[in-house]
Amino acid sequence: MPVRNAPSSPDACHLTRRQILASSLGLGLAGLPAVASHAAETYPARPITLVVPFPPGGSVDVMARQYAEPLGRILGVPMVIDNKPGAGGSIGAQFVARSKADGYTLVVSSQSSHLANPLVQPNLGYDPIKDFDNIAILGRQPNVLVVHPSLPVKTFAEFVAYAKQRPGQLNFCSAGAGSMGQLNVEMMQLAIGTQAVHVPYRGGSPLITAVLANEVQFTLDNLVIFLPHIQAGKLRALAVASPQRLPQLPDVPTFAELGQAPLNQTSWTGIAAPANTPPAIVATLHKAIRTAAMEPSMLENLRGRGVIAPEDMAPAGFEKMMAERLVAYGDVVRRANVKPE
């Protein structure tokens, strides 16, 4: 199924659903009243399954489990975590896309399942926007450019100069061919005019091992997996993709400060339901997610993990952001000739 990078004229039925949803959200739902589903039962009336399309222990899984308890408490029903890993998140995402649109099967979405895979993987089996109601963002992860300390560079400018003088001689790693880590670096290389060799690994753990062992010289990926090693002096951070400098790395400039604003994009994790879920159910879920996200304990937990608290973005805004990134990274995929494994 082709990816719809920049949806501009959805059908009338889809517009009506979005308009109704926007109206519901605009009312600022007082509390979380039960809503009637098309099956004539109040929602939610039974446990909700939260599909995590990655193995336990990864950043998406951790985020899902962080939200499961407060969401269950707010909604009044258990949130059941169901890990369905495989194909970079595609198996779990496709499962939810094909599930009944009744609000009881949701997916924890990410830029892997809803951006990189749709752009790189042929015949994926789902469209990240058309086949989902993308409800809310759970958090944003800053990305960080890190180098092995043996590399004789201490600033971003020095890194650029060093890499330009050695085309094809430096290696960078990612969690797989066509992964967001590769797309991040390819976007950076197109911006700064460097040429390094991509070395794909299978997941975050071997990726970290590779850069710590100097098998590769640099990478640009989620801060959360690198922060302890940066703080221990085992890796050197040169730039972060974040709205402002991070308290954990106050001396590391943002890409925007370095004159590379297009690279200053955080990664996101969200929650999505199958397309055509009743607007009142989507509104109830959005309100519950926002309530959980703003609890002091949640904010403290996110901050401790280096995750930026999610902004109050309505589903329509969420999908607009996704569509814009699909266009931007689609251009990277074409120009850098990124291929799947």
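Which residues of α6 are buried? They are M180, G181, Q182, L183, N184, V185, E186, M187, M188, Q189 and I192. In this predicted model, then, α6 is mostly covered, with 11 of its 13 residues buried. The helix also has the length one would expect: at 1.5 Å a residue, its 13 residues should span 18 Å, and the end C-alpha atoms are indeed 18 Å apart. Just after α6 comes G193, with a positive phi near 80 degrees.

**The chain as a whole**

Let's step back for a moment. The protein chain holds 11 helices and 12 strands, and buried residues make up 55% of its 341 residues. Among contacts between residues at least 6 apart in sequence, 78% join residues at least 24 apart. Average pLDDT for the chain is 88, and 88% of the residues score at least 70. A stretch to read with care is residues 1-30, where pLDDT stays under 50. The model has 47 contacts beyond four places in sequence for that stretch.

**Two nonpolar cores**

In soluble globular proteins, nonpolar side chains tend to be buried together. Here the largest nonpolar core has 42 residues, and those with the most contacts inside it are L145, F156, F159, M188, F218 and F255. The elements that each give two or more residues to this core are α4 (111-120), β7 (143-147), α5 (156-164), α6 (180-192), β10 (218-222), β11 (236-241) and α11 (315-336). The largest share, 8 residues, comes from α11.

F218 gives a good view of the packing. Beyond four places in sequence, F218 touches L145, V146, V147, F159, L170, N171, F172, C173, V185, M188 and A196. Apart from this core lies another, of 33 residues, among them V52, Y104, A273 and V282.

**A helix pair and a strand end**

How do the axes of α2 and α10 cross? Helix α2 (residues 59-75) and helix α10 (residues 296-304) have axes that come within 11 Å and cross at roughly 170 degrees. With angles over 145 degrees counting as roughly antiparallel, that makes α2 roughly antiparallel to α10. On the α2 side the contact is made by M63, Q66, Y67 and P70, and on the α10 side by M298, N301 and L302.

N83 sits in strand β4 (residues 79-83). Its C-alpha atom is 5.9 Å from that of P53, although the two residues are 30 apart along the chain. Leaving aside neighbours within four places in sequence, N83 is in contact with V52, F54, P55, P56, D61 and R65.

**Backbone points to look at**

Most residues other than glycine have a negative phi, and most peptide bonds are trans. Some places in this model depart from that pattern, and they are worth finding on screen:

| Site | Backbone value | Place |
|---|---|---|
| Y43 to P44 | cis, omega near -5 degrees | P44 in the loop between β2 (42-43) and β3 (48-52) |
| A87 | phi of about 55 degrees | loop between β4 and α3 (90-97) |
| N123 | phi near 50 degrees | loop between α4 and β6 (132-141) |

Are A87 and N123 buried or exposed? A87 counts as exposed because its relative accessibility is 52%, where the cut-off for exposed is over 50%. N123 counts as exposed too, at 71% relative accessibility.

Technical notes
Residues numbered from 1 in each chain as written. Heavy atoms only, no water. Core = buried A, V, L, I, M, F, W, Y, C linked by side-chain atoms within 4.5 Å. Buried < 20%, exposed > 50% of the residue type's maximum accessible area, 1.4 Å probe, protein only. Helix = DSSP H or I, 4+ residues; strand = E, 2+ residues; numbered from the N terminus. Contact = heavy atoms within 4.5 Å. pLDDT = per-residue confidence, 0-100. Expected span 1.5 Å × (residues − 1). Axes fitted to C-alpha atoms, helices over the stretch in contact; angles between N-to-C directions. Parallel < 35°, antiparallel > 145°, perpendicular 65-115°, else oblique.
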